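Ready for a few warm-up exercises? Have the structure open and try each task before you read its solution.

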Amino acid sequence: MAVVRWFKRHFVVIAGLLTLGYLLLPNVIVTVFSFNKPKGRFNYEWQKFSLDAWKQPCGVADMCGSLSISLQIAVWATIGATVLGTMIAFALVRYRFRARGAVNSLIFLPMAMPEVVMAASLLTLFLNMGAQLGFYTILIAHIMFCLSFVVTAVKARVMSMDPRLEEAARDLYAGPVQTFVRVTLPIAAPGIAAGALLSFALSFDDFIITNFNAGSTVTFPMFVWGSAQRGTPVQINVIGTAMFLVAVLLVLASMVITNRRNKVKA
Amino acid sequence: MNTKDTSGDVRLSGISKTYDNGFTAVQPLDLTVPQGSFFALLGASGCGKTTTLRMIAGLEEPSSGTVHLGDQEVTNLPPYKRPVNTVFQSYALFPHLDIFENVAFGLRRRGIKSVKQQVVDMLDLVQLGEQARKKPHQLSGGQQQRVAVARALINHPKVLLLDEPLGALDLKLRRQMQLELKRIQTEVGITFVHVTHDQEEAMTMADTVAVMNAGRVEQLGSPSDLYENPNTTFVANFLGTSNLIEAEVDSKSGDDIVLKAGGGKLVLPEARCSAPTTTGGKVLVGVRPEKITLTPADDAGEIPAGRNRITGKIADSSFIGVSTQYVIDSPVCPEFEVYAQNIDRDSRLRPGADVVLHWNPAHTFGLDAAQDIDAGVDTEEEAA
């Protein structure tokens, strides 16, 4: 009976821990296997502890090159999608123009469309245009599908913004540029940041659309997929673990900053 | 040279606003607000008072007419180039800036470098020195309201515009802020233009009140003038309560007009009648409920001569402390309202009792009978 009662009382905590475990277990495996020293070409069975891969993260031919391409594409796609998406979001919320309703729904299509269909049609488009497949076609494709996420995030923020705040700024001697920089942008910033982070994550690990439109360019996800057929170097786990750690550190840092700010205020 | 400073005058000439959808919010309007006065634009929602205010601020472009501040025409100046600041409805404080930076905003935008002392002084004036580093959402409604006032006043505008500044506060705080704003206005001597739908607020604070209705100024004057001498049924009903009776002009005697209403006669000073009077024509006779005395019908003989009288029956009475409010059913008006001070309460004044209502003819006012007798009744929003 005591066990049952204990279980009842802690049910929420147990469920939470189990879910968390379910979410994090793959990351744990990735991390553990980044310290493995596999016998054959595949890193699927634990052999023995080794720091070899961590000492030479770029020891595998072409891997760091593909990583660098992926990072570059992600950065540019994030910038492109965030700038364009923010402008679209403002236009959709602030202005009444013809076809506004149509644009409003069309912007969400890329989110709903199966990625593989979009990938194939993009390839058709690029081939018909005679475009050289590679870095720039990937970038264009990434900006396109990231756009809808940025628009969604920023739009929600702008819609909840009181238009009187900008009027107040204009009333207090801020010209149009000052009003935008000092009031509009800071208030919309959380939405813009959310859109940008989503864009970066989506672009960095996109495989399907990239694979169709990459030509001979190889991004990091494509490299991992390719090597999974021939043999998986431990360095892939090293990169994966490092990315995970960077993300965790960023989240922790932002939490610490917010906490400290709240404490100063209170 | 005029000795009076006119740099803070607001002059609106023929100003009007018609929106793209064809709705005319403000009909061509002429208005002068003298330097240093506390001016209220009073009206129900949708009467054009806020639009008028926004045209002075530059947030709304007039469809016609001009706006002058002192000798300067500002009609085509954007809001950030006008020496005018606004306290917005629900304050519009910048949520991402702390109180200090909110108040410093206007100074910084004008490129003033050393803002600290000014901001500290201003926050002290509104008793918020301690809260300087808090964000707006951490303050109470009344505190936010004071920040909004400080943020505008620190710029020493020629005119301060207030758009329903107390609308979001509860009654007690509103009373307190009314006095506070009045004190600040007297202290800084800046022209205040205050928009409100609350007649009591307008009368408490303003030197001059303009009552607006359907995009027009119905009447402009001091609060007591508007209350005692309304020129239209809207003003009579919107500001406080009025008893209006339809009457026929019978004759004139000296400065007075003698009117027939029901079976009796009423006297109205000609100077207090805003309508044309021709013998046999109709006018609306008005009298405020607190000017009327009730006497039981049995004592009718004791009523001094020369007073206007009406007979009726008490339909309802409600005791509200300082006064008792009676509703009288009378042949000339089915719901005549009378407010009596509770000094000597006559126990005979109970529902069902026959009474004589009488008042000094000097408290009677006359209005054009062609108007809607109920204008302004439904739109009135009681403050207390």
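Below are three exercises, each with a worked solution.

This is a predicted model, where local features need pLDDT of at least 70, side-chain atom pairs count only at pLDDT 80 or more, and totals for chains, interfaces and linings use all residues. Residues are numbered from 1 along each chain as its sequence is written, while chains are lettered from A and ligands numbered from 1 in the order in which they are written.

**Exercise 1.** Find which residues the domain assignment of chain A gives to domain 1 and domain 2.

Solution.
- Step 1: Start with the bounds, which come from an automatic or database domain assignment. Domain 1 of chain A covers 1-59 + 235-266, and domain 2 covers 61-232.
- Step 2: Now look at the spacing. Taken over C-alpha atoms, the centres of the two domains are 28 Å apart.
- Step 3: Check who touches whom, counting two residues as in contact if their C-beta atoms, placed from the backbone, lie within 7 Å. Seven residues of domain 1 of chain A contact eight residues of domain 2 of chain A.

**Exercise 2.** Work out how many residues chain A and chain B each bring to their contact.

Solution.
- Step 1: Count each side: chain B gives 21 residues and chain A gives 16.
- Step 2: Ask which elements of chain B take part, with helices (H or I, at least four residues) and strands (E, at least two) being DSSP runs numbered from the N terminus. Those giving two or more residues are β6 (84-87) and α2 (99-109) of chain B.
- Step 3: Pick out the top contributor: α2(B) has the largest share, three residues.

**Exercise 3.** Decide how strand β7 (residues 159-163) of chain B is placed: is it mostly covered or not?

Solution.
- Step 1: Call a residue buried if 20 or more other C-beta atoms lie within 10 Å of its own, exposed if 12 or fewer, and partly exposed in between, with C-beta atoms placed from the backbone. By that count, five of the five residues of β7(B) are buried, so the strand is mostly covered.
- Step 2: Split the strand by face. B:Val159, B:Leu161 and B:Asp163 sit on one side, B:Leu160 and B:Leu162 on the other, and all are buried.
- Step 3: Look for neighbours, where two strands pair if DSSP finds at least two bridges between them. β7(B) runs parallel to β6(B) over four bridges, and five bridges join β7(B) to β8 (residues 191-196) of chain B, also in parallel.
- Step 4: Zoom in on B:Leu162: its bridge partner is B:Val87, and B:Leu162 also stands opposite B:His194 in β8(B).
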